[in-house]
Number of protein chains: 2
Amino acid sequence: MKIVSQRTGLSPHVVRAWEKRYGAVEPNRSGTNRRLYSESDIARLNLLHALTRAGHSIGQIGTLSTAQLQELTKKTIGNENGLGHFPDGDQLERDEAAWDDEMNGAIDQHLAAALDACRRMDQAKLEAVLSRAIVRLGYSGIIERLAGPLITTIGEEWHEGNMTVAQEHAATVTIRAFIEKHVRQYPISHGGPTIVITTPAGQIHELGAFLATAVAKKAGWNVVYLGASLPAAEIVGAVVQSGASALALSISYPADDPDLPMELLTLRQLAGDDLNVFAGGRSAHAYARALQESNIALIADLGSLRQKLLSLRGHQPTPSA
Amino acid sequence: MKIVSQRTGLSPHVVRAWEKRYGAVEPNRSGTNRRLYSESDIARLNLLHALTRAGHSIGQIGTLSTAQLQELTKKTIGNENGLGHFPDGDQLERDEAAWDDEMNGAIDQHLAAALDACRRMDQAKLEAVLSRAIVRLGYSGIIERLAGPLITTIGEEWHEGNMTVAQEHAATVTIRAFIEKHVRQYPISHGGPTIVITTPAGQIHELGAFLATAVAKKAGWNVVYLGASLPAAEIVGAVVQSGASALALSISYPADDPDLPMELLTLRQLAGDDLNVFAGGRSAHAYARALQESNIALIADLGSLRQKLLSLRGHQPTPSA
DNA sequence: CATTTCTATTCAATATATAGACAATGTTTG
DNA sequence: CAAACATTGTCTATATATTGAATAGAAATG
């Protein structure tokens, strides 16, 4: 099945090799010898994939029971969102740095390939690059380390005239579609608090906000996403109507909009002092003073946003309307 | 049979092949051996179609019971909300007119529910409504009979001030995400001709163009989708760079942009006379004269677009750069 | 009579399966 | 240290399956 390859990020070759060499999974066969994978087969492959990425050799773990694998995952990788590396596994500490270097190199390669695809307006190619990258970087990695930097770069190239508007648009919609497709796998968290995400009036690039929605969903928030360029009154209206307890704004271009500070002040006045408001993005720092005056927290990057949302959710488990 | 084809998005050939090879549906026959499909047959075909687009092979799922299919759909595509009712009263083709009325009634209901969700900015609800509709209306139906009218209505409500910008935005991104997820996932057709789809400068609503990409992909075209609001020079640049042999423009709001006619003329001048250019959308007819002067074909609706693209591809199998 | 549907058959493009080889890396041994 | 070996992802070659689409002739429809 091709789905298996897509859902595990492993090439069909590898999946078959693992089966043949280590009996990692033994799917049923159809009458004509096709492999038929069950959900649990796929889950097991994902486990194995995660563990091999964490440094375990497939030969060692391929024959373990699924329960043992889960045990091992908990011990080695920990609980998923924690960033802290715990290098007390036997084999990990050695080349932590080297591994990191390699990872950064890989990201650079992916970035270059993606940029090239954008320049040639080859949307299929760009999607292929992203797909290949998600295998290596994982879900959060692709958002925070590939897609994020990519749109920043594209924005700059566009701003400096090295990229046409059409190229920028083509890239935007493709990245958006890709994230859309993969974000979807995370269910809506019904109990979680709600956050409104958008960009203020005049801010025309929506991708930053879009990536933020992915991060927020992953962090267990209920997201109302409104796209780009909304006036303050509209934003506050949406916050009130949805009963959101937080608001995130993306600010990328332009970086020198004289109207934006006033817009932010208006926003704060209309919303009252209780609403948590964040702002991030390529040019957010350019409005640092305005943000401070409006009591809006400046978020450095998507990783920080995730941290912030996680801790906020911890302290404030139920949304207050 | 033709109706079935339209409502499922499957070609008559495929429907017969599925019946013959896998017994996917076994419609009753008229006295003269014509196939008579029931409502539930069509719903079942829609289910199968959705699942094959999601990657399941028809050979594996074609013989499953309808209940199993629904189960599978829930698991793979993930609709937390029940999938459309199957009309189990076995009313085969009893009365064309009555049936049509009922269908229109169903669509109206869906439309009303969707609009309500948009008003309350309940994105989850809106998605639920769309999900429920897709089995009944099918691939083409959801685009041409639900999503299309829905965005038109939203546009009008917004234009008349009955809907806020935030509501309009929220609806737009949700519909866009839904189409992306359920409908647009078609394999890239290598070898097919290429079409560029976008909206001209000043046209801020992208959804019409977005739906058009779904139609074009289904019709076997290679699509370069550029989102909203591009100047003529950029559009032509994209056409040249991608080697496209056609261009489709969506025109919805505003309906009285004094600059648009000039923009269209410029477009035609830059592109030369050989490029096939279409325009459609809520307000396209308002620019009928400008379109004619620029030699741009006016497309009435998405169904016409599909027809047009199919015939064009037939006569012009290889794209000329 | 033009159009549509039906059956039956064929075609071509992908996907998948098996077996084996290979390269890069790391490990053990002499 | 070098040679031999083990591990593991990737690649090739070839055969078979799958599946959407195409074709042709007969029957039905309007």
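## Close-ups of the DNA surfaces and the sheets

**View 1. Helices of both chains at DNA strand D.** Helices H2 and H4 (58-61) of chain A, along with H2 and H4 (58-61) of chain B, each give at least two residues to the surface near DNA strand D. Everything shown here and in the other views comes from a predicted model. There are 21 residues around DNA strand D, and the ones that come nearest are A:Trp18, A:Thr32, A:Arg34, B:Trp18 and B:Thr32. Sort this surface by class and you get eight nonpolar, nine polar and four charged residues.

**View 2. Chain B side chains at DNA strand D.** Start with B:Trp18, which has a polar side-chain atom 2.7 Å from a phosphate oxygen of DNA strand D. B:Ser57 also faces a phosphate oxygen of this strand, with a polar side-chain atom 3.3 Å away. B:Arg21 goes for a base instead: an N or O atom of its side chain sits 3.1 Å from a base nitrogen of DNA strand D. Looking at the DNA side, 63% of the strand D atoms within 4 Å of the protein belong to sugar or phosphate, and the rest belong to bases.

**View 3. Arginines at the phosphates of DNA strand C.** Three arginines are worth zooming in on here. A polar side-chain atom of B:Arg35 is 2.4 Å from a phosphate oxygen of DNA strand C, and one of A:Arg16 is 2.7 Å from a phosphate oxygen of that strand. For B:Arg29, an N or O atom in the side chain lies 3.2 Å from a phosphate oxygen of DNA strand C. As for secondary structure, the elements giving two or more residues to this surface are helix H2 (12-22) of chain A and helix H2 (12-22) of chain B.

**View 4. The wider surface around DNA strand C.** Out of 16 residues around DNA strand C, A:Lys2, A:Arg16, A:Arg35, B:Arg16 and B:Arg35 come nearest. The class count for this surface is 12 charged, two polar and two nonpolar residues. Of the strand C atoms within 4 Å of the protein, 88% are sugar or phosphate atoms, with bases making up the rest.

**View 5. The open sheet of chain A.** Five strands of chain A line up as E4-E3-E5-E6-E7 in an open sheet with parallel pairing. Strands E4 (222-225) and E7 (297-298) of chain A stand at the edges with a single partner strand each, so one side of each has no neighbour in the sheet. Further in, E3 (residues 194-198) and E5 (residues 246-250) of chain A pair in the parallel sense over four bridges. Look for A:Val196, which stands opposite A:Leu247 in E5(A). Helix H10 (residues 232-242) of chain A lies across E3, E4 and E5 of that chain, at about 160 degrees to E3(A).

**View 6. The open sheet of chain B.** In chain B, five strands form an open sheet, ordered E4-E3-E5-E6-E7 and paired in parallel. The edges are E4 (222-225) and E7 (297-298) of chain B, each pairing on one side only. Strand E6 (residues 276-280) of chain B runs parallel to E7(B), joined to it by two bridges, and B:Ala279 stands opposite B:Leu298 in E7(B). Helix H10 (residues 232-242) of chain B lies across E3 (194-198), E4 and E5 (246-250) of chain B, running at about 160 degrees to E3(B).

**View 7. The domains of chain A.** The domain assignment splits chain A into domain 1 (2-76), domain 2 (96-182) and domain 3 (188-315). Between the C-alpha centres of domain 1 and domain 2 of chain A, the distance is 28 Å.

Conventions
Residues numbered from 1 in each chain as written. Chains lettered and ligands numbered in written order. Predicted model: local features only at pLDDT ≥ 70, side-chain atom pairs only at ≥ 80, totals over all residues. Heavy atoms only, no water. Near = heavy atom within 4 Å. Polar contact = N/O pair within 3.5 Å; in protein donor to acceptor, adjacent residues only side chain to side chain. Nonpolar A, V, L, I, M, F, W, Y, C, P; charged D, E, K, R; others polar. Pairing = 2+ DSSP bridges. Contact = heavy atoms within 4.5 Å. Axes fitted to C-alpha atoms, helices over the stretch in contact; angles between N-to-C directions. Domains from an automatic or database assignment.
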